[in-house]
Amino acid sequence: MSEVKGLLVMDVDSTLVQEEVIDLLGEEAGVGQKVAEITERAMRGELDFRQALNERVATLKGLPESIFDKVYARIHFNKGAKELVDELHARGFKVGLVSGGFHETVDRLAVEAGIDYVKANHLEVVDGVLTGKVYGDIVTKDVKVAKLKDWAAENGLELSQTIAMGDGANDLPMIKTAGIGIAFCAKPIVREQAPYQITEPDLYKVIDNLDGVKKYNR
């Protein structure tokens with residue numbers, strides 16, 4: 001088994017993929033605008049993420065479980081996503097996803113892109129229908145930091161050997177904890193505080209940041 005050289009952990013909605021999946025679910029429930037407004041406020045850091053998540057998920061009550069297939073068909077990877085994962089794997093990195101979104105779609109994205117680790121929320125489904133609740137641990141900003149640390153430790157990596165990337169306020173602690181913290185097409189609060197920036201929607205630009213840091217070029 002070859003030595004792991006590094007770890008990238010990234011957000012999913014508006015980072016790995018172009019869309020906010022909770023907003024797509026809201027559209028299917030007929031409350032798209034309301035859900036999108038709550039999402040935007042949470043991303044800017046104006047609302048507590050846990051509260052914002054519960055409010056949005058409550059609007060989905062009564063949707064059939066089949067809604068996940070319908071929504072998945074509307075999701076698009078950001079440019080360079082699969083190429084980034086392939087290049088990092090070639091360099092001996094592992095790649096993880098930490099998402100305030102849902103395993104029901106994130107797991108499928110991870111399989112499609114060949115990603116190593118996933119942590120997301122679970123929507124409760126009873127008799128094939130969404131209850132409007134989540135169950136299990138909610139992926140907060142603290143959980144994102146914890147997974148970065150856990151996956152690094154699992155692979156015998158120092159935090160200085162990690163990269164974290166996201167676009168919303170919920171990603172900031174993780175971005176600040178990693179060796180390389182990247183704001184990806186991010187909200188103003190994230191752009192102001194993240195050490196590195198990617199301002200165009202091309203995930204392969206991560207490699208430019210990586211190649212610019214001497215410790216990764218031994």
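In this predicted model, the protein chain has a radius of gyration of 17 Å, and a compact globule of 218 residues would come out near 17 Å, so the two agree. Along its principal axes, the C-alpha trace spans about 55 × 40 × 30 Å. The chain is built from 10 helices and 7 strands. Buried residues make up 53% of the 218 residues. Looking at contacts with a separation of 6 or more, 62% come from residues 24 or more positions apart. The surface that the chain does expose adds up to about 9,800 Å², with carbon and sulfur atoms supplying 47% of it.

Helix α1 is a good place to look inside. This helix covers residues 21-28, and 6 of its 8 residues are buried, so the rest of the structure largely encloses it. The buried ones are V21, I22, D23, L24, L25 and G26. What lies over them? The cover includes the helices α2 (32-43), α3 (49-58), α4 (67-72) and α6 (103-113), along with the strands β2 (93-102) and β3. Just after α1 comes G30, whose phi is positive, at about 80°.

On the other side of α1 in the sequence, T15 sits in the loop that runs from β1 (6-10) to α1. The relative accessible area of T15 is 0%, so this residue counts as buried. Its side chain makes two kinds of link worth following. One polar contact goes to the side chain of D11, at 3.4 Å, and another goes to the side chain of D167, at 3.2 Å. Setting aside neighbours within four places in sequence, T15 is also in contact with a set of residues that includes M10, N78, M165, G166, F184 and L203.

A second threonine, T59, is found in the loop between α3 and α4. Is T59 buried or exposed? The cut-off for buried is under 20% relative accessible area, and T59 has 17%, so it counts as buried. A polar atom of the T59 side chain lies 2.5 Å from the backbone oxygen of R56. Beyond four places in sequence, T59 touches A29, V31, K34 and V35.

Helix α4 holds F68, which is buried with a relative accessible area of 6%. F68 and T105 are 37 residues apart in sequence, yet their C-alpha atoms are 6.8 Å apart in space. T105 is one of the residues F68 touches, and the others, not counting those up to four places away, are L25, E104, R108, L123, V125 and L130. R108 turns up again in another arrangement: it lies over the face of Y72, at 4.2 Å from the ring centre.

Finally, there are the aromatic rings. How many aromatic pairs does a search of the whole structure find? The search turns up 1. The pair is made by Y117 and W151, whose ring centres are 5.0 Å apart and whose planes meet at 15°, so the pair is stacked. Y117 belongs to strand β3 (residues 117-126) and W151 to helix α7 (residues 141-154), so to speak of distant parts of the chain is fair: the two are 34 residues apart. Both Y117 and W151 are buried.

Notes: Residues numbered from 1 in each chain as written. Predicted model: local features only at pLDDT ≥ 70, side-chain atom pairs only at ≥ 80, totals over all residues. Heavy atoms only, no water. Phe/Tyr/Trp six-rings, centres within 6.5 Å; stacked < 30°, edge-to-face > 60°. Helix = DSSP H or I, 4+ residues; strand = E, 2+ residues; numbered from the N terminus. Buried < 20%, exposed > 50% of the residue type's maximum accessible area, 1.4 Å probe, protein only. Lys NZ or Arg CZ within 6 Å of the ring centre and 35° of its normal. Contact = heavy atoms within 4.5 Å. Rg over C-alpha atoms; globule rule 2.2 N^0.38 Å. Areas by Shrake-Rupley, 256 points an atom, 1.4 Å probe, with all protein chains shown as cover. Polar contact = N/O pair within 3.5 Å; in protein donor to acceptor, adjacent residues only side chain to side chain.
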